[in-house]
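Biologist: Could you take a close look at one part of this structure for me, and then walk me outward from there? I would enjoy a connected tour rather than a list.

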Amino acid sequence: MSIPSIDISSPVRAQRSVLRVNGLWVLLGLLAIMALLPMVASPYAIILMLPFMGYGIALLGFNLLFGTTGLLSFGHALFLGTGAYTAAVLTFKFGVLSFELLLITAALISGLISLAVGALCVRYTRIFFGMLTLAFGMLFHSFLYKFYNITGGDQGMRVLRPLLLGMEWRGGKTAFLTGPFYYYALALFALLSLAMWRITASPFGLHLRAIRENAGKAAYVGVQIFRMRLAAFVISAVYGGIGGVILAVTTGLADPELAYWTHSGNLVFMAVLGGSGTFAGPAIGALAFVLLQDFVMSITQYWRFVMGAVLVLLVVFMPQGLSGAAEFLVNRRKGGR
Amino acid sequence: MTELVDVVLGGTFHAAVLFLVAAGLQLVFGVQKIVNLACGSFYALGAYFGITAVGMALKLGMPAPLFFPVLTLAGLAIGLVGLPIERVLRTIYRRDESYQLLITFGFLLMFQYVFRFLWGATPRSMDNVYMAYGTTQIWGVRVPTYNLLVIAASLGIAVALGLLLERTRTGRIVRATAENRDMAEGLGVNASKIFALVFTVGCMLGTVGGALVVPSSAASLDMAVELVVEAFAVVVIGGLGSMRGALVGALIVGLMRAAAISLMPEMEMLSVYLVVVAALILKPAGLFGKATA
């Protein structure tokens, strides 16, 4: 088998694998804490957690592409937008209110779009891949923005409250979001985390890591680079679409900003903030980003300046992100490495 | 016929400005291997600063026709912000390019709010001097003479840049550093100095572009993020790292947009992205790019 040669070529990863095994538990632990959150936290804090779940799910997928396969997409907001607009069109125009149906349709449409986009994009790597995905993202954005009749232009489209598990939920919007929808999204997040964990731990995940480490070598030992990259792209898009549905239901609106390239930039920001080299890192980054943004917005109207400054400092001083820093502290306590 | 001339002139004007920003992007990518997302911020910075500089000069009693040189000088002067930014970038030259992209994205976010802090959220314009040079008649179409001046200036800068890179000693050193930094350093080139120089010149190209565009259209907070995508389009079409590519790419994007605006307004930006996607599929390295993938 070709597996040992890959491990030998990257001893750093092997040493890290102890913590990687913990990645899933870290994430599930976080979700367990969040399941208890409604007992203590205010409705405001609960609603703040919903974007985190949307972004968290999207980032699990994003990281399969970025962290595992080594492809940096700068247009991933395209799929958040796809999910959000799928939810808007289905609920608002066609009166389809079943949330499960929304999720499945969004996943399917994101998957189909990504199959076409990905087939063109994954032939390239590095900066070319980033620029091509950015171009496709903006293509979609300007479609949303300019074709007013279909998409509502810059006004966006309303997303109606869906039925969860076929049941209608009474009460105000806050009660719906903090109650049933919160737990539903949380369960979905947990489920998708497990699925992603299985994916990264599978031989398929190993192929992706081999491609990241050395595409030429991987091809030589029989990895089908194009297909594997495309599969990773599609899976990450499906996750993005599902995340987009959650975001759209939370705000009750799908607007073109969701697909704008700066939004894609924010996704990359979150991934690096949490640490893209680990399994749970990007989701933790999403949490940190949402909290940080909320905190900074509450103290200054120039919050983007602070976010930008944080990003610059992060890249210069802490490129491994929060999980990298945590790992460093843990390792040091374990016995000075 | 007049419509065609109108489109061509409008497109060329836009292309002239776009070329300056894209040339800055190309120069920095060619030498430092960094795709600078903040190039749009430099463009917006030049625009805002140009308005302030010309406004002050007019208050001091400058005759209106002198605003063109004042604007150019203002653009060059504010371009010096490239120096401190390069100091920060210096820390990540040898890192993965995703980090380099991200750090310039961070700068873009920060600049956005610097503009808002200094110049406010409402768009600022200075159309009062736009017509200071009157209009010129070309094939039955009246265009502001200023537009022609900008096209000429942009061409002049293109030629000067080409001469600088191809014919001078500094240009040779810059090209050598771009080719192989370590080897150039081994031969006694101070690469840090070259990097600082190149980044500052790249930044100046952006700020001058912004300063020159501002009499014809307002400076707004959105202009930075919007221009980044257009400059990206130019670079992708023309090929990363190629000056000639920037020139041709800017013309294609500028004319494409002008044509789309007059034929099908809703296709304005969509047409540009379609060209980009087509270019990447048919000629992945761009029209003048070296083969990379």
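Modeller: Happy to. Let's begin at A:Asn63, which sits in helix H3 (residues 43-68) of chain A. Please keep in mind that this is a predicted model. Is A:Asn63 buried or exposed? With a relative accessibility of 7%, A:Asn63 counts as buried. Leaving aside residues up to four places away in sequence, A:Asn63 touches A:Thr68, A:Ser276, A:Thr278 and A:Pro282.

From there we can step across to the partner chain. The contact between the two chains involves 41 residues of chain A and 44 residues of chain B. About 4200 Å² is buried between chain B and chain A, and carbon and sulfur atoms account for 79% of that area. On the chain B side, the residues that lose the most area to chain A are B:Tyr99, B:Leu102 and B:Tyr113, together 15% of what that side buries. Three helices of chain B, namely H5, H10 (223-238) and H12 (268-282), each supply at least two residues to the side that touches chain A. Which of the helices gives the most to that side? H5(B) does, with 16 residues. As for charged and polar partners, the count of salt bridges between chain B and chain A is zero. The search for residue pairs in polar contact across this interface, with both residues at pLDDT 80 or more, also gives zero.

Helix H5 leads us on to the aromatic residues. Over all chains, the structure holds 17 aromatic pairs. One of them joins B:Phe42 and B:Phe111: their ring centres are 6.0 Å apart and their planes meet at 80 degrees, so the pair is edge-to-face. This pair links distant parts of the chain, since B:Phe42 belongs to helix H2 (residues 39-59) of chain B and B:Phe111 to helix H5 (residues 97-119) of chain B, 69 residues apart. Both rings belong to buried residues: B:Phe42 has a relative accessible area of 2%, and B:Phe111 has a relative accessibility of 11%. The two also take part in one aromatic cluster, together with B:Tyr48, B:Phe115, B:Trp119 and B:Phe199.

Helix H2 of chain B brings up the cysteines as well, with B:Cys39 as a good place to look. How many disulfides does a search of the whole structure find? The answer is zero, over all chains. For B:Cys39, the closest cysteine sulfur is in B:Cys203, 10 Å away, which is too far for a bond because a disulfide needs the two sulfur atoms within 2.5 Å. Seen from the other end, B:Cys203 likewise has B:Cys39 as the residue with its closest cysteine sulfur, at 10 Å. B:Cys39 is buried, with 5% relative accessible area, and B:Cys203 is buried too, at 1% relative accessibility.

One last stop is the loop between helix H1 (2-32) and H2 of chain B, where you will find B:Lys33. Most residues other than glycine have a negative phi. B:Lys33 is not a glycine, yet its phi is positive, at about 60 degrees. In contrast to the buried cysteines B:Cys39 and B:Cys203, B:Lys33 is partly exposed, with a relative accessible area of 42%.

Conventions
Residues numbered from 1 in each chain as written. Chains lettered and ligands numbered in written order. Predicted model: local features only at pLDDT ≥ 70, side-chain atom pairs only at ≥ 80, totals over all residues. Heavy atoms only, no water. Buried < 20%, exposed > 50% of the residue type's maximum accessible area, 1.4 Å probe, protein only. Phe/Tyr/Trp six-rings, centres within 6.5 Å; stacked < 30°, edge-to-face > 60°. Helix = DSSP H or I, 4+ residues; strand = E, 2+ residues; numbered from the N terminus. Contact = heavy atoms within 4.5 Å. Buried area = accessible area lost by both parts, 1.4 Å probe. Salt bridge = Lys/Arg side-chain N within 4 Å of Asp/Glu carboxyl O. Polar contact = N/O pair within 3.5 Å; in protein donor to acceptor, adjacent residues only side chain to side chain.
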